[in-house]
Amino acid sequence: MGRPREFDEAQVLDQAMKVFWRQGYAATSVKDLVRETGLNPGSLYEAFGDKHELFLSAINHYRASVVRRRLEDMERLGPGRDRIAGFFNDLVRFSTGEGRLMGCLMTNSAVELAPHDRDVAVLVAANLAEMERAFRRLVERGQQDGSIANRDPAADIARYLTVGVQGLRVMSKTNPDAGALSAVVRQILSALG
């Protein structure tokens, strides 16, 4: 029987997630992960496997702790259009504040790894599908409550909004200017009619 773990797994995943988010997968070394998590290499490997397995765990942690929370916040009560606008405006605030130059861990992973890493591609696709479903529900709500005038299929609008999020997150990595990002958001939201 092995020794019980003497660390908080969620906290370690949170720290590893932030390193991968800031630096990307390729630029993150095991030394970086050891420094940020406070674990020695042996404990890190024993608990999470190799760097790739830790990265996959960090992506799942990101989906559960960051993405899901943002989507749940977005889907609270209120007119569909207002909830969607609030989501995008929160992204602009994050991208020009605490998350300046970080982008989105899922988007960053899609660009860096998904083309040649099947495990990452599956997780990114699942995340995008979850986001698209949340947008679809809000578009349907907005079409019913009258806050969204566009009568195109909700699924098509939701896909457009999902693509808009990804583009906004990429742009925020190189141009985290609130005015420029807000202008993009206004154009995205104009598609709601």
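A cavity is a set of grid points where a 1.4 Å probe fits but cannot get out. In this predicted model, a search of the whole structure turns up 2 such spaces of 30 Å³ or more. The second largest cavity has a volume of about 50 Å³, while the largest holds about 110 Å³.

It helps to begin with the second largest cavity and the residues around it. Its lining is made of Val30, Leu33, Leu44, Tyr45, Phe48, Gly49, Asp50, Lys51 and Leu54. By class, these are 6 nonpolar, 1 polar and 2 charged residues. Helix H2 (30-37), helix H3 (41-48) and helix H4 each provide at least two residues of this lining, and H3 gives the most, with 3 residues.

Helix H3 therefore deserves a closer look, as the main contributor to the lining of the second largest cavity. Within H3, Leu44, Ala47 and Phe48 are buried. These three lie on the same side of H3, because they cover an arc of only 75° around the axis. An α-helix has 3.6 residues a turn, so residues three or four places apart point the same way. The buried residues of H3 pack against helix H1 (9-23), H2 and H4. The two ends of H3 have details of their own. At its start, a side-chain oxygen of Asn40 comes to within 3.0 Å of the backbone nitrogen of Gly42; just after the helix, Gly49 adopts a positive phi of about 80°.

Next comes Lys51, another residue of the same lining, which belongs to helix H4. Is Lys51 buried or exposed? Its relative accessible area is 19%, so Lys51 is buried, given that the cut-off for buried is under 20%. Apart from neighbours within four places in sequence, Lys51 is in contact with Phe20, Tyr25, Ala26, Thr28, Val30, Leu33 and Tyr45. With Tyr25 there is also a polar contact: the side chain of Lys51 reaches the backbone oxygen of Tyr25 at 2.8 Å.

Helix H4 also leads to the other cavity. Lys51 and Tyr62 are 11 residues apart in sequence and 16 Å apart in space, C-alpha to C-alpha, and Tyr62 is one of the residues that line the largest cavity. Others in that lining include Phe87, Met106, Asn127 and Arg169. Helix H4 (51-74), helix H5 (80-96), helix H7 (118-145) and helix H8 (154-174) are the elements that give two or more residues to it. The lining of the largest cavity divides into 8 nonpolar, 2 polar and 2 charged residues.

Notes
Residues are numbered from 1 along each chain as its sequence is written. This is a predicted model: local features need pLDDT of at least 70, side-chain atom pairs count only at pLDDT 80 or more; totals for chains, interfaces and linings use all residues. Side-chain values use heavy atoms; hydrogens and water are left out. On a 1 Å grid over the protein atoms alone, a cavity is a set of points where a 1.4 Å probe fits but cannot get out, and a pocket is an open set with protein on both sides within 12 Å along at least five of seven lines; lining residues have an atom within 4 Å of a point. Grid points are joined across faces, edges and corners, and a volume is the space filled by probe spheres set on the points. Helices (H or I, at least four residues) and strands (E, at least two) are DSSP runs, numbered from the N terminus. Ala, Val, Leu, Ile, Met, Phe, Trp, Tyr, Cys and Pro count as nonpolar, Asp, Glu, Lys and Arg as charged, and the others, Gly among them, as polar. Buried means under 20% relative accessible area, exposed over 50%, partly exposed in between (1.4 Å probe, protein chains only). The arc is that of the directions from the helix axis to the C-beta atoms. Contact means heavy atoms within 4.5 Å. A polar contact is a pair of N or O atoms within 3.5 Å; within protein, one must be able to donate a hydrogen and the other to accept it, and residues adjacent in sequence count only if both atoms are side-chain atoms.
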